[in-house]
Amino acid sequence: MWSPSTGLDDPNSASPIAQIDETTTYTVQYTDPCGIQGTADVTIFVEPLIATTTETAELNCNNPTLEIQGSANFPEQFLSWDWITNDGNILNGAASSSPLVNEPGEYMYIISYEGFCADTGYVEITSDFSDFVVSISDVQLINCINESVNVSATTSPSNGVSYTWTTLDGSIISSTDLQSILVDGPGTYFVQTYLSEFCNGGESIEVFANYEVPELFIQEPAQINCYNNEVYITATTNPQALDYAWSSLDGGEIISGQGSTTISVSAGANYQVVALHPESGCPATESVEVFEDFSTPQIASLSADTLDCLHPIVS
């Protein structure tokens, strides 16, 4: 007979089965084949199930979700897991040893072994979402050469970020939900970025435009004639132009100087120059007419005097 009988399926059996949750010493009374009675002690050691509190982990914008890990002194495949939290958020895996979470807070897990042993552990999740950074790259000037420019935002971290661009006084000519947009007007442009509830932010940039044209003048050219079969035409600008493009509107002939401030021409005609502003690339246009004069002088004929004995000399 075994005593105590706690946890034994049959205290009168020679080999009972014990189901206990703490270490217990049993005493058995027996009679040997010779009729002599005796006792013996048997100690059954029970290892307690212990849930271990793991180290604190941190959520941030580079790690917006965490797979937290519960631990115990028994192999996890033999345990039942139940995660709960009052101030965090479990995305999935609440019945596993490693659920996925995305909010700071205290997470408690209850483990049990076949319904007999149970314990509770805790994991503390903190957060620091100050590592989310939004910036906008420098933007080119809008002008007559660059009629539209790209405006681009960058974030850190960058994966999974959404973008929304707006403007009150500018002009966006592309989709507004891209990382880089195309604009064709000066103004202030705003971008709002979103990665999560905790990782988001905005930034703005002002885009400028320059449509200034240069002041352009053409000096009055000389006249083409028998003495001057080639004349010069000179343009002056303020500021100095980026380029000078000369042409003739009605069949004139440019001999040299194309692309410079001064050209030489050999025919009377209308000549035009287009000068580009050095910063804006915007054109100014001016023209001038070159005249020709190849007219011949008029010679008057006089009646001649007669030579005779009375007039031996005439003029």
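How many bridges join strand 22 (residues 231-238) to strand 25 (residues 262-265)? In this predicted model, four bridges connect the two strands, which run antiparallel to each other. One of the pairings can be named by residue, since Val231 has Val265 in strand 25 as its bridge partner.

Strands 22 and 25 belong to an open sheet of four strands, arranged in the order 20-22-25-24 and paired in antiparallel fashion. At the edges of this sheet lie strand 20 (215-218) and strand 24 (254-256), each of which pairs on one side only. On average, and with direction ignored, neighbouring strands of the sheet are turned by 30° against each other. In general terms, the strands of a sheet pair through backbone hydrogen bonds, in either a parallel or an antiparallel way.

Across the protein as a whole, there are 28 strands and zero helices. The overall dimensions are collected below.

| Property | Value |
|---|---|
| Radius of gyration of the protein | 51 Å |
| Radius of gyration of a compact globule of 315 residues | near 20 Å |
| Box filled by the C-alpha atoms, along the principal axes | roughly 205 × 40 × 25 Å |

Of the 315 residues in the protein, 28% are buried.

The largest pocket holds about 180 Å³ of space, and its lining is made up of Ala18, Gln19, Ile20, Ile44, Val46, Glu47, Phe74, Tyr113, Phe116 and Cys117. Sorted by class, this lining comprises eight nonpolar residues, one polar residue and one charged residue.

How values were computed:
Residues are numbered from 1 along each chain as its sequence is written. This is a predicted model: local features need pLDDT of at least 70, side-chain atom pairs count only at pLDDT 80 or more; totals for chains, interfaces and linings use all residues. Side-chain values use heavy atoms; hydrogens and water are left out. Two strands pair if DSSP finds at least two bridges between them. Axes are lines fitted to C-alpha atoms, for helices over the stretch in contact, and angles run from 0 to 180 degrees between N-to-C directions. On a 1 Å grid over the protein atoms alone, a cavity is a set of points where a 1.4 Å probe fits but cannot get out, and a pocket is an open set with protein on both sides within 12 Å along at least five of seven lines; lining residues have an atom within 4 Å of a point. Grid points are joined across faces, edges and corners, and a volume is the space filled by probe spheres set on the points. Ala, Val, Leu, Ile, Met, Phe, Trp, Tyr, Cys and Pro count as nonpolar, Asp, Glu, Lys and Arg as charged, and the others, Gly among them, as polar. The radius of gyration is taken over C-alpha atoms; the globule rule is 2.2 Å times the number of residues to the power 0.38. Buried means under 20% relative accessible area, exposed over 50%, partly exposed in between (1.4 Å probe, protein chains only).
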